[in-house]
Amino acid sequence: MIMLQILFVAIAISGFAHILSDLKQKWSLTYIFKPLTILIIIVMVIFYSDLEIAYIQWVLFGLLFSLLGDIFLMLRPQKFIPGLISFLIAHLFYIYAFWQSLQGNDIYWLAMFVLPIGGIYLLILWKHLGKYRWPVVAYFIAISSMLYLAVALFLVEMSIMASYALLGAVLFAISDGILAWRKFVKPVKYGQLYVMTSYYTAQCLIALSAVYY
């Protein structure tokens with residue numbers, strides 16, 4: 001338990017160092033701390049989870065592709081489409097992790113309460129998307145599906161694991177929502193702070209859903 005707490009402190013320090021590096025445009029430090037933060041989260045899952053469980057394997061794959069997405073997006077110039085594709089794949093792994101835990105439960109009616117959220121936000125962004133319109137549509141479908149399945153998982157299981165998964169999915173959606181607004185509509189004051197704080201917290205929570213599976 002002490003080592004787990006140490007890892008949490010390391011994640012917080014590394015994440016804060018990355019955010020500060022971005023604010024000060026110290027890109028060499030960004031190249032260190034941005035991937036390092038997700039790497040520490042991956043280490044936490046590897047050392048504190050049963051890697052023979054399918055759910056944990058899919059979450060781990062999601063974290064690995066998130067790491068790849070982070071690397072693409074931190075480059076100068078930014079590799080937006082490869083980064084978007086990497087995170088899309090990461091979401092597909094998270095989607096499958098949540099879905100395979102729900103097999104045998106008739107929960108699909110919940111979609112009417114969750115899926116429209118992404119659709120409404122996408123409509124707001126639509127005229128601003130330009131050449132990125134269809135890649136962003138695919139991404140919004142993925143993250144809306146992940147959020148839907150996380151809600152369903154929580155309502156079915158009502159467990160600590162499901163609580164972490166749901167909170168992680170919600171914060172991931174918030175982070176991506178702010179990121180999309182910044183990129184396609186207009187800058188947001190302290191936007192990087194909001195995006196990365198919610199993003200790192202989301203990834204930690206999804207990782208904890210594996211630890212407490």
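Helices are DSSP runs of H or I at least four residues long, numbered from the N terminus. In this predicted model, Leu-67 is found in one such run, helix α3. Leu-67 is buried, because its relative accessible area is 12% and the cut-off for burial is under 20%. Leaving out residues up to four places away in sequence, Leu-67 touches Pro-35, Ile-38, Leu-39 and Ile-42. With Leu-39, which lies 28 residues away along the chain, the C-alpha separation is 7.3 Å.

Helix α3 itself has 21 residues and reaches 30 Å from its first C-alpha to its last, close to the 30 Å expected at 1.5 Å a residue. Its buried residues are Tyr-55, Ile-56, Val-59, Leu-60, Gly-62, Leu-63, Ser-66, Leu-67, Gly-69, Asp-70, Leu-73 and Met-74. Many positions in such a list can be read against helix geometry: an α-helix has 3.6 residues a turn, so residues three or four places apart point the same way. The buried residues of α3 pack against α2, α4, α7 and α8.

The largest nonpolar core has 66 residues, and those with the most contacts inside it are Tyr-55 and Phe-172. Two or more residues of this core are given by each of α1 (2-23), α2 (27-48), α3 (54-74), α4 (80-100), α5 (111-125), α6 (133-157), α7 (160-184) and α8 (191-211). The largest share, 14 residues, comes from α6. Of the two residues with the most core contacts, Tyr-55 is among the buried residues of α3, and Phe-172 is among those of α7. Beyond four places in sequence, Phe-172 touches Phe-87, His-91, Tyr-94, Tyr-139, Ile-143, Met-146, Tyr-199, Ala-202, Gln-203 and Ile-206.

Helix α7 has 25 residues and reaches 36 Å between its first and last C-alpha, close to the 36 Å expected at 1.5 Å a residue. Buried in α7 are Met-161, Ala-162, Ala-165, Leu-166, Gly-168, Ala-169, Phe-172, Ser-175, Asp-176, Gly-177, Ala-180 and Phe-184. What covers these residues includes α3, α4, α5, α6 and α8.

Ser-175 lies in helix α7 and counts as buried at 2% relative accessibility. A polar atom of the Ser-175 side chain lies 2.8 Å from the backbone oxygen of Val-195. Ser-175 also touches Ser-198 and Tyr-199, in addition to Val-195, when residues up to four places away in sequence are not counted. A second buried serine, Ser-14, is found in helix α1 and has a relative accessible area of 2%. The side chain of Ser-14 reaches the backbone oxygen of Phe-33 at 3.2 Å. Leaving aside neighbours within four places in sequence, Ser-14 is in contact with Phe-33, Leu-36, Thr-37 and Ile-40.

The structure holds 20 aromatic pairs. One of them joins Phe-80 and Tyr-132 edge-to-face, at 4.9 Å centre to centre and with 70° between the planes. This pair links distant parts of the chain: Phe-80 belongs to helix α4 and Tyr-132 to the loop between α5 and α6, 52 residues apart. Phe-80 is buried, with a relative accessible area of 12%. Phe-80 and Phe-184 also form an edge-to-face pair, at 6.0 Å centre to centre and with 80° between the planes. Because Phe-80 lies in helix α4 and Phe-184 in helix α7, the pair ties together parts that are 104 residues apart in sequence. Phe-184 is buried as well, with a relative accessible area of 11%. The charged end of Lys-183 sits over the ring of Phe-80, 4.4 Å from its centre. Elsewhere, ring pairs link Trp-58, Phe-61, Phe-65, Phe-93, Tyr-96 and Trp-99 into a cluster.

Note on methods. Residues numbered from 1 in each chain as written. Heavy atoms only, no water. Core = buried A, V, L, I, M, F, W, Y, C linked by side-chain atoms within 4.5 Å. Buried < 20%, exposed > 50% of the residue type's maximum accessible area, 1.4 Å probe, protein only. Contact = heavy atoms within 4.5 Å. Expected span 1.5 Å × (residues − 1). Polar contact = N/O pair within 3.5 Å; in protein donor to acceptor, adjacent residues only side chain to side chain. Phe/Tyr/Trp six-rings, centres within 6.5 Å; stacked < 30°, edge-to-face > 60°. Lys NZ or Arg CZ within 6 Å of the ring centre and 35° of its normal.
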